[in-house]
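The following exercises ask the reader to work through one protein chain, from its overall dimensions to its strands and its interior. Each task is followed by a worked solution.

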Amino acid sequence: MVGKQGRVTGRIGPGLVGEVMIPIRGGVEAFYAHPSVPDEEFPIGTLGIVVEYFPPRTVYVARALA
């Protein structure tokens, strides 16, 4: 999971649990997402990269360089 890129489908920000869609196992699955930097925000449509993964469905993301 770490290093995979996904598209934000639910706003991620301080105090919010967002959602990111990540391609995995031949499909795309939704994961609960938190920002890796506490004050960072990710609007819907932003591309993020997974920096931490907590099974089964929680990830911490950083902004991906397109």
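**Exercise 1. Determine whether the radius of gyration of the protein chain agrees or disagrees with that of a compact globule.**

Solution. The model under study is predicted. Begin with the chain length, which is 66 residues. For this length a compact globule would have a radius of gyration near 11 Å. The protein chain has 10 Å, so the value agrees with the globule rule. Next, consider the extent of the C-alpha trace: along its principal axes the trace spans about 30 × 25 × 20 Å. Finally, turn to the surface. The accessible surface comes to about 3,900 Å², and 59% of this area belongs to carbon and sulfur atoms.

**Exercise 2. State how many helices and strands the protein chain has, and which pattern they follow along the sequence.**

Solution. The count gives zero helices and five strands. Reading along the sequence, one obtains the pattern β-β-β-β-β. Contacts may then be examined among residues at least 6 apart in sequence: 46% of these join residues at least 24 apart.

**Exercise 3. Identify the strands with which β4 pairs, and give the sense of each pairing.**

Solution. Take β1 as the first partner. Strand β1 covers residues 5-10 and β4 covers residues 47-54; the two pair in the antiparallel sense over three bridges. Within this pairing, R7 stands opposite L47 in β4.

Now take β5, residues 58-63. This strand runs antiparallel to β4 and is joined to it by six bridges. Here Y53 stands opposite V59 in β5. The segment linking the two strands has three residues, and β4 and β5 form a hairpin.

**Exercise 4. List the residues of the largest nonpolar core, and find which strand gives the most to it.**

Solution. First, establish how much of the chain is buried, that is, under 20% relative accessible area. Of the 66 residues, 32% count as buried. The largest nonpolar core has 11 residues: V8, I12, V20, I22, I24, F31, A33, F42, V50, V59 and V61. Then assign the contributions: β2 (18-24), β3 (27-35) and β5 each supply at least two residues. The most is given by β2, with three residues.

**Exercise 5. Name the residues in contact with V59, leaving aside its neighbours within four places in sequence.**

Solution. V59 belongs to the largest nonpolar core. With those neighbours set aside, V59 is in contact with M1, V20, I22, F31, Y32, A33, H34, V50, E52 and Y53. Among these residues, V20, I22, F31, A33 and V50 are also listed in the core.

Technical notes:
Residues are numbered from 1 along each chain as its sequence is written. This is a predicted model: local features need pLDDT of at least 70, side-chain atom pairs count only at pLDDT 80 or more; totals for chains, interfaces and linings use all residues. Side-chain values use heavy atoms; hydrogens and water are left out. Two strands pair if DSSP finds at least two bridges between them. Helices (H or I, at least four residues) and strands (E, at least two) are DSSP runs, numbered from the N terminus. A nonpolar core is a set of buried Ala, Val, Leu, Ile, Met, Phe, Trp, Tyr and Cys residues joined through side-chain atoms within 4.5 Å. Buried means under 20% relative accessible area, exposed over 50%, partly exposed in between (1.4 Å probe, protein chains only). Contact means heavy atoms within 4.5 Å. The radius of gyration is taken over C-alpha atoms; the globule rule is 2.2 Å times the number of residues to the power 0.38. Accessible areas come from the Shrake-Rupley method with a 1.4 Å probe; for residues, only the protein chains shown count as cover.
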